[in-house]
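Biologist: I'd like a close look at one part of this model, please. Could you walk me through how some of its helices pack together?

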Amino acid sequence: MLDLIVIGSGPGGFRAAMLAAQGGLRVALVERDDWGGACLNRGCVPKKAWYRTARLAAAAPGFARRGLSGSLAPDFPAAWRYQREVVSTVRASYVAWLDRLGVRRVEGAARFVDPRRVRIEGKRDGETIAARHTIIATGSRPQRPPWLRAGGTKVLDTDALFERPPPEGGRVALLGSGAVGTEMAFILGQLGIELVWLTGQAPLSSMAFSAPAKKRLGEALAAQGVAARTGSRPLACRVAGDAITLELPGHTQLEVDWVLAGTGRVPNTDSLDLAAAGVRVDARGFVAVDAAQRTSVEGVYAIGDCANPAMSANHALADAGVAINSIVSPRAAPGPRPWVPEVIYSALELARVGATEDALEAGEIEYATGFSSFEASPAALADDAADGYVRLLAASEGGALLGCEIVGAEAGELIQLAAPGMPGEALLARLARAGVAHPSLGETFADAAESLVSGWGFRRGGAGAA
């Protein structure tokens with residue numbers, strides 16, 4: 001009998017298998033599709049490859065004054081092929097690393113026989129694997145409103161967009177106001193797509209970024225000729241010849257070549273036969289878990305999109321660490337949940353972690369702020385990236401770090417300085433006196449920490465500081 005079966009090889013499943021194997025456990029990792037899951041093959045990784053291309057394209061108008069002459073033209077088919085090359089390279093690296101760690105890779109779909117056994121369907125049809133513990137990490141899949149199905153192959157979700165070349169034509173309707181819609185609105189526009197962005201509500205309305213952050217992003221998108229048509233969620237669609245027609249509110253129509261639907265995702269839990277193991281799911285299909293990622297059945301855990309409504313790779317990675325700690329130290333009380341960054345890769349990067357000012361004010365918690373603008377950063381000015389800031393929130397009494405929001409270039413990298421979160425005051429003190437490279441955007445973060453430590457009288461050392 002194995003120590004652990006992990007079902008699903010996305011970011012959460014991969015990390016769980018890796019941590020378990022490094023800890024000396026005997027591990028099998030089951031995958032029914034491509035190794036690396038949706039994030040590697042149809043999400044985070046190919047999107048990041050395109051995002052880099054989009055940033056270069058957006059910066060191109062300023063190349064001449066830097067002494068670079070010539071012009072760049074977008075080539076969407078070439079960009080599509082490039083992201084597939086990146087995906088193949090990363091996938092090969094994942095597989096090689098699993099093999100080096102001694103993780104048994106099992107190709108096929110897993111279905112529970114009972115809490116300790118799963119049956120494999122596919123290449124190993126009928127094989128049963130048993131383990132003392134199981135982690136469900138089956139991720140999620142795109143959700144399409146029923147009316148969109150009438151669009152057939154003219155309506156793509158991001159899974160389809162990254163897996164196979166899209167239909168002919170460069171006029172595209174993009175649906176969705178969340179992270180996917182906001183990111184792809186910038187990326188596809190820079191790749192030469194004539195985009196019409198249709199949303200029911202303002203972009204990122206359901207996310208916890210501040211109003212100033214969303215306003216700056218909206219202005220950055222507008223500067224690139226991108227704006228959401230709010231209140232324009234389509235009602236129906238039909239295909240006629242080479243075009244697809246969307247019926248919009250107000251009895252209006254829009255004709256495009258194809259549609260990219262960023263209309264949400266649903267957990268992949270319906271094919272696991274969870275009832276055979278006694279694992280409980282909620283009304284939306286998410287596996288019910290506690291703070292230690294334990295399900296309703298002893299020895300069975302669930303992580304990532306199939307159990308966490310936040311549905312991000314960052315949350316899956318954090319969940320994996322919690323689950324493995326629960327398996328290795330079952331009697332230990334779960335520690336505080338790690339802070340998980342939220343990042344938007346668009347015309348302007350947004351990143352945040354911890355509490356928001358709205359939440360602190362609603363809870364009547366007294367807090368102080370530390371602020372530093374990219375406008376004062378030599379590195380940002382040299383990079384033509386002066387639009388941005390770092391904002392830190394700390395408890396007025398004692399200085400514990402409560403939250404952070406960063407807007408601007410490399411926000412997704414800088415937010416990791418704040419992600420440790422605890423021990424609060426000690427972290428702030430370390431950041432305020434840290435040696436940083438000059439010129440660098442990291443200086444902006446250190447300046448924000450310094451403004452808190454010095455301006456509000458928090459200790460720079462002594463008890464509680466490191």
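Let's begin with α1 and α4: which residues in α1 meet which residues in α4?

Modeller: Happy to, and keep in mind that this is a predicted model. On the α1 side you'll find Phe14, Met18, Ala21 and Gln22, and they meet Tyr94, Trp97, Leu98 and Leu101 in α4. Sort that contact by class and you get seven nonpolar residues, one polar and no charged ones. As for the geometry, α1 covers residues 11-22, and its axis comes within 10 Å of the axis of α4, crossing at roughly 25°. Angles under 35 degrees count as roughly parallel, so that's the label for α1 and α4. The crossing itself is left-handed.

Now stay with α4, which spans residues 76-101, and bring in α3, residues 44-59. Their axes come within 9 Å and cross at roughly 135°, so this pair is oblique. The α3/α4 crossing is right-handed. From α3, the contact uses Val45, Pro46, Ala49 and Trp50, while α4 brings Phe76, Ala79, Trp80, Tyr82, Gln83, Val86, Val87 and Val90. By class that's 11 nonpolar residues, one polar and no charged.

Next, follow α3 over to another partner, α6, made of residues 179-190. Here the axes come within 8 Å and cross at roughly 60°, so α3 and α6 are oblique to each other as well. Their crossing is left-handed. The residues to click on in α3 are Lys47, Trp50, Tyr51, Ala54, Arg55, Ala57 and Ala58, and in α6 they're Glu183, Met184, Phe186, Ile187, Leu188 and Gln190. Charged residues do turn up in this contact: there are three of them, along with nine nonpolar and one polar. If Trp50 rings a bell, it should, as it is part of the α3 contact with α4 and also of the α3 contact with α6.

There's one more thing to see around α3, and that's the second largest pocket. α3 gives the largest share of its lining, six residues, and α7 (211-223) supplies at least two. The pocket has a volume of about 840 Å³. In total 30 residues line it, and Ala59, Ala347, Asp383, Asp384 and Ala385 lie nearest its centre. Its lining is a mix of 15 nonpolar, four polar and 11 charged residues. Compare that with the α3/α4 contact, where no charged residues appear.

Note on methods. Residues are numbered from 1 along each chain as its sequence is written. This is a predicted model: local features need pLDDT of at least 70, side-chain atom pairs count only at pLDDT 80 or more; totals for chains, interfaces and linings use all residues. Side-chain values use heavy atoms; hydrogens and water are left out. Axes are lines fitted to C-alpha atoms, for helices over the stretch in contact, and angles run from 0 to 180 degrees between N-to-C directions. Helices (H or I, at least four residues) and strands (E, at least two) are DSSP runs, numbered from the N terminus. Angles under 35 degrees count as roughly parallel, over 145 as roughly antiparallel, 65 to 115 as roughly perpendicular and the rest as oblique. A crossing is left-handed if the near helix is turned anticlockwise from the far one by less than a right angle, and right-handed if clockwise. Contact means heavy atoms within 4.5 Å. Ala, Val, Leu, Ile, Met, Phe, Trp, Tyr, Cys and Pro count as nonpolar, Asp, Glu, Lys and Arg as charged, and the others, Gly among them, as polar. On a 1 Å grid over the protein atoms alone, a cavity is a set of points where a 1.4 Å probe fits but cannot get out, and a pocket is an open set with protein on both sides within 12 Å along at least five of seven lines; lining residues have an atom within 4 Å of a point. Grid points are joined across faces, edges and corners, and a volume is the space filled by probe spheres set on the points.
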